[in-house]
Structures are given as structure tokens and as C-alpha cells.
Amino acid sequence: MAREIRIQDSLSGDLRPLDPRDPGKVGIYACGPTVYGPVHVGNARPYVVFSLLKRFLEHEGYDATFVANVTDVNDKIYDAARERGLPSEELAREMTALYEKQTDELGLGRPDHEPKASETIGAIIDLIQALVDGGHAYPAGGDVYFRVRSFPGYGKLSNRPLEEMRQGEDEADEALKESPQDFALWKAHKEGEDTSWDSPWGRGRPGWHIECSAMAEQILGLDFDIHGGGSDLVFPHHENEIAQTEAGRGKPLARVWMHNGMVEMDAEKMSKSVGNIRSLGGALEAYGRDALIMYFVGGHYRHPLAFSEGALEEAARSVARVRDFVRRLDRDAPEPEGMDAHVNRFFDALADDFNTAAARAVLFEWISEGNRRLDAGEKLGAGRLGEMLYVLGLENLLHAEDDADPEAERLLREREEARAARDFATADARRDELAALGWEVRDTPAGPALVRRA
């Protein structure tokens, strides 16, 4: 752990050195999806960012715990279930299973914990009760609201004037509140809502913000190391998490607040409500997981990331470039000399606010240097290439197509290039040519693989 790791903290605005609460251990909580419909590419970005951050921290010697929740109790779920004529619990289970299946196909492993709001009701009620007892919350008409003016630090994350921080709740809720800025911790059961729980304030269900505070505290405790999520969650979600935890527990929820930028389509945030989405399943089917991961690591996590078919096609070409280089390596050759400077620069880039874009650029410098040496007749082994690829989630590229002959490799490459260009007729033709040579193409979670036909 000799390398200093620094992360941009959205709360302080500073680039802060990582200072774990428990030496040698790092706890990460990232807000996951609300499961009312299939996830899209934008939903996948925080999953990828924080899965890879865990890999990097473990490379640096930390014991990292990654928690990503599932919001399975929410107004949007009730509404979507009603439209489909399903019980809300059934819709939530169906969409959670689909989310897990598709994120499995990213090939990054599962988070260490994936709590669900519906399974954390006891902890949620306990935190709300502490807020009521402390004068920070008040019951009203079966609801319970957080009293924003009781917490002097409200607004310190989003840096908005208090009068501009409206919660976006409906008129009926507004009428119950002492102040327009107050937000719901518990919501009374309403007609048409088929899931609710008993509480000291009557039957109902939790508000969105209190769910994450309770889930994070239950697994990681208070003052844990990194709270992550999309920049669209800064207000109101994360602002409210900070307020309700600090008011109810007297301690901060997290030490560093780390926000990833939005995936954008046509310069607008990718969003189900806007309708400008590319489903995660569709992107995986069209381009494969390697191209999608390569696309994600090509941008700094804090910056918006433009989505287009062209961007995915470019990522697919970058994947092909790595594969082509790996094919040229001699597995029995020694580690290349004089390449450690590249490797150190690679990991230094990740230590400097987890800059995967800069690290990826260094990776391709390493490959360019390797190709130059190979062209000069030098024999090269993989050296620490696998170490770098693993931290970027691309480790399978080091072992792709080991047993395939050059002709089969060429046809597979042409098939993937055709799929990336959406030229499915050519892709199918290349698949048939591979079959004639005795190869079957299998689209696995680790990317397309060639398997000898029986």
C-alpha cells in the first residue's frame, strides 16, 4: 500500500487521500437500480466503475467490500406493476433477476452484498424512530417527514440555496409538510399499493432516501469509506442520506462521496423517463461484454460519457487490437525488459482519482512498444499485461482463442467487426464459415469464444 490513492470528494470538493476508517480495509456503497424495468447502459456505469474500483483497491493491498443495493420498494415499481397487471413484488423480483443476469454478463463478479429495501424494513423503522425521538422528524397523516430546518448542514453536498431544494413530491404530500423542503421518511399506505408494512406510525412503506441510509449502515456501519453513485443522485437522494444519518446517528454516513458522470445520448442524460435509452441486454448482444467494458473505461468516471453506436464500434476495434497483440506473444518468453515504467504509470493513473481513461492510454502505449519490439524480431512474454487487463475488467483478453488456428481467428474477428457494424448478414456468414472449419462460436459472459464442434 505504498502508492497514495486520491479520490475527488463531492462533499468537500477536494481531491482527498484515501484514509480508511479501519486500516487496510475499504467499504464501498454504491446506489443500485430501482427495479421497475430493464436496466440500460447508463444504469450499468456505476456498477462497472465501482466493481473495477474494488479490483484496483485489492491490487493495492486493501481488503475491499463492495455493497450495491437494489431498490425494490418505490412509487415507480407500483406504477409499472399496475400498468402490467402484476403484483409489485412479482415485477420487482422479475426485474431484479433480469438485472442480475445482465450484470453477470459483464463478467466482473457480483458485489459482496446486494441488500434489498424490502429486506431492511426493521433497520429503516429504527432509523426513522431515532429521527422522530430527536426532533428531526414528525408524523403527519400516517406519513413521517424529515424536518430539514432542524439540520443546519442541509445543502452542503449540492450547494443549493434552501429555497431551491424542493423534493418533487405531489400536492397531497406538500399539504402535510411543515416546509416544502421536508422529505418523506415513511409513507402511509395508499389505495392501489399492494405492498406495505406495519410501523409505529401506521401501515405503509419507506421513502426512497431512508432506504439507502439504513442499508449502508446495516452492512458497513457509520463513517465508512466511499459512498458512490451517479451524479444525478447528488440532490435530493444523497443530500437527504447525509442529513438523515447525521441527524439520527450523530456521525457521518461516509467519508468520501464519489459520483460518476452520466451516460448521455444526443447530449442528454440516458433515462427511461426521457426514452433515450440503449438497453444493457441489447448492447451486450450487439457488441459483447469486452467492447462494453472497453467503452466504459475509456472515459474518466466523473465526466459524462457519450453513447453512440460509433463509440461501441471504436471500443470493439480496441478490443481487437489487444487480441491481435496477445496472439503475437510467446508464452514461454521472459517478461519484457524495461516495461515496468509503463506499468507504474498505469497504476499511478488509477491512484489519481481512478483515471481509467489515462490508464487505458498507458496500456495501449505498452502494446505499441510491444508490437515495435515484436516487429524487430524480439520474443516477448505477457509480463504484467494480465495484471493491467484484470484491473480494467479485460483479463479474459489475455487468454482469448488460445487454441484456434489463424484462419478461425480471422473469421471470428471479422464476425465481431461485422456485428459491431450491425452487418448481421456478414456476421452470420462468418459464423457459418467457422462451422464448416469445425468451430462453434459461443457468446459467453467473457465475450465470444471459439469451441471445437463435437
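**Cavity, pocket, helix packing and a small sheet**

One cavity of 30 Å³ or more is counted in this structure, which is a predicted model. The volume of this largest cavity is about 70 Å³. Around the largest cavity stand Arg45, Val48, Val49, Leu52, Phe296, Val297, Gly299, Tyr301, Phe354 and Thr356. Two helices, helix 1 (41-59) and helix 9, each give at least two residues to this lining, and helix 1 has the largest share, with four residues. In character, the lining of the largest cavity comprises seven nonpolar, two polar and one charged residue.

Helix 9 appears again at the second largest pocket. This pocket holds about 250 Å³ of space, and its lining is made up of 20 residues. Ala316, Arg317, Ala320, Glu416 and Glu417 are the lining residues nearest the centre of the pocket. Helix 9 (289-297), helix 10 (309-328) and helix 14 (406-420) are the elements that contribute two or more residues to the lining. Among these contributors, helix 10 gives the most, namely seven residues. Charged residues number ten in the lining of the second largest pocket, beside nine nonpolar residues and one polar residue.

Two of the helices that line this pocket also pack against each other. The axes of helix 9 and helix 10 are 8 Å apart and make an angle of about 105°. Angles of 65 to 115 degrees count as roughly perpendicular, so helix 9 and helix 10 are roughly perpendicular to each other. On the helix 9 side, the contact is formed by Asp290, Ala291, Leu292, Met294 and Tyr295. Their counterparts in helix 10 are Ala311, Leu312, Ala315, Ala316, Ser318, Val319, Val322 and Arg323. Sorted by class, the residues of this contact are ten nonpolar, one polar and two charged. Ala316 thus takes part in the contact with helix 9 and is also listed among the residues nearest the centre of the second largest pocket.

Elsewhere in the model, four strands form an open sheet in the order 5-6-7-8, with antiparallel pairing. Strand 5 (137-140) and strand 8 (204-206) are the edge strands; each has a single partner strand, so one side of each lacks a neighbour in the sheet. On average, and with direction ignored, neighbouring strands are turned by 20° against each other. Strand 7 (residues 183-188) is joined to strand 8 by three bridges in the antiparallel sense, and Lys187 stands opposite Arg205 of strand 8. Helix 4 (residues 121-133) lies across strand 5, strand 6 (143-146), strand 7 and strand 8, and runs at about 120° to strand 7.

Methods:
Residues are numbered from 1 along each chain as its sequence is written. This is a predicted model: local features need pLDDT of at least 70, side-chain atom pairs count only at pLDDT 80 or more; totals for chains, interfaces and linings use all residues. Side-chain values use heavy atoms; hydrogens and water are left out. On a 1 Å grid over the protein atoms alone, a cavity is a set of points where a 1.4 Å probe fits but cannot get out, and a pocket is an open set with protein on both sides within 12 Å along at least five of seven lines; lining residues have an atom within 4 Å of a point. Grid points are joined across faces, edges and corners, and a volume is the space filled by probe spheres set on the points. Ala, Val, Leu, Ile, Met, Phe, Trp, Tyr, Cys and Pro count as nonpolar, Asp, Glu, Lys and Arg as charged, and the others, Gly among them, as polar. Axes are lines fitted to C-alpha atoms, for helices over the stretch in contact, and angles run from 0 to 180 degrees between N-to-C directions. Angles under 35 degrees count as roughly parallel, over 145 as roughly antiparallel, 65 to 115 as roughly perpendicular and the rest as oblique. Contact means heavy atoms within 4.5 Å. Two strands pair if DSSP finds at least two bridges between them.
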